[in-house]
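Here are a few exercises to work through with the coordinates open beside you. Try each task before you read its solution.

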Amino acid sequence: MDSRELTLRERQVLGIIIQSYIVSAAPVGSRHIARNYNLGLSDASIRNVMADLEDEGYISQPHTSAGRVPTDKGYRCYVDLIMHVQRVNDEEKRRIDKDFGQINSDRKGTSSDVLLSAAKVLGSISRQLSVVLSPAFSNAVFEKLDMVLLTSSRMMVILSIRSLFLRTIVMELDIEVSRNTVDQITVFLNERLSGLTLAEIRRSIAARLGDCPCDRTLLERVIRSSGEIFDETPIIERLYISGAEYIVDQPEFKQPEKVRDLISMIEDKTSVAKLVERASAGVEAQRPPGMDISISIGRENSERNAGELTIVSTPYYVSGMVGQLGILGPTRMDYEHAVRVLNYMADCLSVTLSEAN
């Protein structure tokens, strides 16, 4: 990625510029570094190092008389080679456990309750926009379904997936059926399909139900609709967002036009969900060494309104399924804090949903 490897001194100066800029949102000058950090370098030597970093695109000077600010390339170097991520500290752990722990203890909520709670806690502690995507259901294990007759020709199908997940579909029937017929087919479907993944059911439902002694007309209607009933949940229905009030309070979004662009992007929930999915599926260079974390910085993002955002995301795992947690914020975010909070939240969410079985 880089034309040459940065020296230790250059890494030190770049790391200081980024850490200072994260805190202050103000350009960082050589005098500030010389006075506040014991690098054993004069102000002039630090200026020379900064000039080299600027020439190679790691930092830039927004105004002639100002200090320097990091570029996307500088942040990428920082997250890949410089930052050191620790585990959550005791204060962060206590706060997350306090806010999210009640879900862990009572397990009375549905998956939607758990995921929305996770989004709220993550947004609050990161002070950024938080995104939680429920898992895609291809590998989801089917437990049971209920079919509720709304009218004689309209039926609601409720799928229960392992780990608190539910899916509801309303079917319009071109026939009239009785409550007894619906109950008989429900029992048979649960006997034959329980324990299979949704993908397995879609592939083999006709063969598995071929000898069903139930009403064939309704059964054939269910088989024809299996692609819809046992299909993936649309991405927009898998999305949980919180923390918009925190991200709009960042200095980067004080200008009205930038706030409008940001709000427009947030309101387009499909775009937000796809941003997190694409960041999570990004190239290996976007993953800091040794971490199950993806970081997509600034113009690395494909969405038009995300060129000044960083997306930090990580998977969580439950019953053979994979969901995603993400934090969206300005490129000037606290990367180390975002990574350690995401890692801990992913563990909490995986445990909570897995133990719900």
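**Exercise 1. Surface and charge**

Find how much area the chain exposes and what share of it carbon and sulfur atoms supply. Then find how far apart the centres of the positive and negative side chains lie.

Solution. This is a predicted model, so every value here is computed from predicted coordinates. Start with the surface: the chain exposes about 16,800 Å², and carbon and sulfur atoms supply 47% of that area. Next, take the charges: there are 42 positive and 49 negative side chains. Finally, compare the two sets: their centres lie 2 Å apart.

**Exercise 2. The chain as a whole**

Describe the chain by its box, its burial and its contacts.

Solution. Along the principal axes, the C-alpha atoms fill a box of roughly 90 × 40 × 35 Å. Of the 357 residues, 50% count as buried. Now look at contacts with a separation of 6 or more: 65% of them join residues 24 or more positions apart. For the secondary structure, the tally is 14 helices and 10 strands.

**Exercise 3. A sheet of three strands**

Work out the order of the sheet that holds β5, and find the helix that packs on it.

Solution. The order is β4-β5-β6, an open sheet with antiparallel pairing. At its edges are β4 (142–151) and β6 (165–172), each pairing on one side only. Neighbouring strands are turned by 20 degrees against each other on average, direction ignored. Zoom in on one pair: eight bridges join β4 and β5 (residues 154–161) in the antiparallel sense. Helix α7 (residues 179–193) packs on this sheet and touches β4 and β5; its direction makes about 170 degrees with that of β4. To check one bridge by eye, go to T151, whose partner in β5 is R154.

**Exercise 4. A sheet of five strands**

Which strands form the edges of the sheet β7-β3-β10-β9-β8, and which helix packs on that sheet?

Solution. First, the sheet is open and its pairing is antiparallel. The edges are β7 (239–242) and β8 (294–297), and the twist averages 15 degrees from one strand to the next. The helix is α13 (residues 269–280), which touches β3, β7, β8, β9 (309–318) and β10 (321–330). Its direction makes about 75 degrees with that of β9. As for β3 (residues 129–133), four bridges join this strand to β7, and S130 stands opposite S242 in β7.

**Exercise 5. One serine**

Is S111 buried or exposed?

Solution. Locate S111 in helix α6 (residues 111–126). Its relative accessible area is 5%. The cut-off for buried is under 20%, so S111 is buried.

How values were computed: Residues are numbered from 1 along each chain as its sequence is written. This is a predicted model: local features need pLDDT of at least 70, side-chain atom pairs count only at pLDDT 80 or more; totals for chains, interfaces and linings use all residues. Side-chain values use heavy atoms; hydrogens and water are left out. Helices (H or I, at least four residues) and strands (E, at least two) are DSSP runs, numbered from the N terminus. Buried means under 20% relative accessible area, exposed over 50%, partly exposed in between (1.4 Å probe, protein chains only). Contact means heavy atoms within 4.5 Å. Accessible areas come from the Shrake-Rupley method with a 1.4 Å probe; for residues, only the protein chains shown count as cover. Lys and Arg count as positive and Asp and Glu as negative; His and the chain ends are not counted. The place of a charge is taken as NZ of Lys, CZ of Arg, CG of Asp or CD of Glu. Two strands pair if DSSP finds at least two bridges between them. Axes are lines fitted to C-alpha atoms, for helices over the stretch in contact, and angles run from 0 to 180 degrees between N-to-C directions.
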